[in-house]
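Please open the model in your viewer and keep the selection tool at hand, since this tour moves from one selection to another.

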Amino acid sequence: MRRSLRQGGSLALLVLCLAVSSRAAAQTPTSGWNSLDIGATLPGGTGGANDGFSVYAAGSDIWNQSDDFRYVYRPLNGDGLIITRLTNFNAPDAWSKAGLMIRESLDGGSRHASMFHTGSQGLAFQHRTATNDWTAHSAATNSSTTWVKLERQGSTFIGSYSNDGITWTTLGQTSISMGSSVYIGLALTSHSSEYASVNFMNVYASDISAWQSTDIGSVSYAG
């Protein structure tokens, strides 16, 4: 359902949105995840959706020198990656954005790298390399792809897309100096006077530095 923010819209609907947002912000939809609105945006909401999240959001944009959006996130220490499949993306504007983000802080002008679907402008790999600096952009016209991936390898951030969640194509990569402890998650912004909504399905996020590897048993050669 499209939730209108236009002046003169239903006060009752706005009250309902505020109430749902309050409940969503107070809960942790899946263990280890949190959700909040970043920037001077009207409140959005987050709920569970099978193996992912159902999110609606206002927000003027994720762009320029500060961002305005809904973020579903968890801490990341060191290298990591996140993958999701987008479904039911209700995008009221050509530049509505839904996708993945690794972010240095929860401030509006934070450094970040992001991999987005847009309303009708295809895919976008966007990044801010310095706090409160301008945002940069790499684009692809492919809009039928539903899977997106974002990786951190040291100071290198890589955005990719896929038709099946197995074979990936890199859209862009950049170098951003961030501390070891950052945030990794899902982002949605409306870029409109109406709410956007999306289901983030098959969500997978990994702190690569937490994994270990060893040979077990009397192997002939070390793996």
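Which salt bridge do the side chains of D61 and K97 form, and at what N to O distance? This is a predicted model, and in it the two side chains meet at 3.0 Å, N to O. Select both residues together with their strands: D61 belongs to strand β4 (residues 61-63) and K97 to strand β7, so the pair ties together parts that are 36 residues apart in sequence. Neither end needs to be sought at the surface, because D61 is buried with a relative accessible area of 13% and K97 counts as buried at 1%.

This is one of six salt bridges that the structure holds. Next, select R103, whose salt bridge with D67 brings the closest N and O atoms to 2.9 Å from each other. R103 lies in strand β7 and D67 in strand β5, so this contact too ties together parts 36 residues apart in sequence. Keep D67 selected and add R128, since the side chains of R128 and D67 also meet in a salt bridge, at 2.8 Å from N to O. Here distant parts of the chain are linked, with R128 in strand β9 (residues 123-128) and D67 in strand β5, 61 residues apart. Through shared partners, D67, R103 and R128 are joined into one network. The three members are buried, as the relative accessibility is 2% for D67, 0% for R103 and 0% for R128.

Now stay with strand β5 and turn to the rings. Of the five aromatic pairs found in the whole structure, select Y73 and Y183, whose ring centres are 5.4 Å apart and whose planes stand at 90°, so the pair is edge-to-face. Y73 lies in β5 (residues 66-77) and Y183 in strand β14 (residues 181-189), so the pair ties together parts that are 110 residues apart in sequence. Buried or partly exposed, how do the two compare with the cut-offs? Y73 counts as buried at 11% relative accessibility, whereas Y183, at 25%, counts as partly exposed. Adding F69 and Y71 to the selection shows the cluster that ring pairs form from F69, Y71, Y73 and Y183.

Select the whole of β14 next. Seven of its nine residues are buried, so the strand is largely enclosed by the rest of the structure. β14 pairs in the antiparallel sense with β5 over eight bridges, and likewise with strand β7 (residues 97-103) over seven bridges. L188 is a useful residue to centre on, because R70 stands opposite L188 and A98 has L188 as its bridge partner.

From here, look at the nonpolar cores. In the largest, which has 30 residues, M115 and L150 touch the most other members, and β14 supplies the largest share of this core, four residues. A second, separate core of nine residues includes I38, Y73, M101 and F116.

Finally, colour the seven strands of the open sheet, which follow the order β2-β3-β15-β6-β11-β12-β13 with antiparallel pairing. β2 and β13 (169-175) stand at the edges with a single partner strand each, so one side of each is left without a neighbour in the sheet. The twist averages 25° from one strand to the next. Although β2 (residues 45-49) is an edge strand, four of its five residues are buried. Follow β2 into β3 and stop at N50, which takes a positive phi near 55° in a hairpin with two residues between the strands.

Note on methods
Residues are numbered from 1 along each chain as its sequence is written. This is a predicted model: local features need pLDDT of at least 70, side-chain atom pairs count only at pLDDT 80 or more; totals for chains, interfaces and linings use all residues. Side-chain values use heavy atoms; hydrogens and water are left out. Rings of Phe, Tyr and Trp (its six-membered ring) pair if their centres lie within 6.5 Å; planes under 30 degrees apart count as stacked, over 60 as edge-to-face and the rest as tilted. Buried means under 20% relative accessible area, exposed over 50%, partly exposed in between (1.4 Å probe, protein chains only). Two strands pair if DSSP finds at least two bridges between them. Axes are lines fitted to C-alpha atoms, for helices over the stretch in contact, and angles run from 0 to 180 degrees between N-to-C directions. A nonpolar core is a set of buried Ala, Val, Leu, Ile, Met, Phe, Trp, Tyr and Cys residues joined through side-chain atoms within 4.5 Å. A salt bridge is a side-chain nitrogen of Lys or Arg within 4 Å of a carboxyl oxygen of Asp or Glu.
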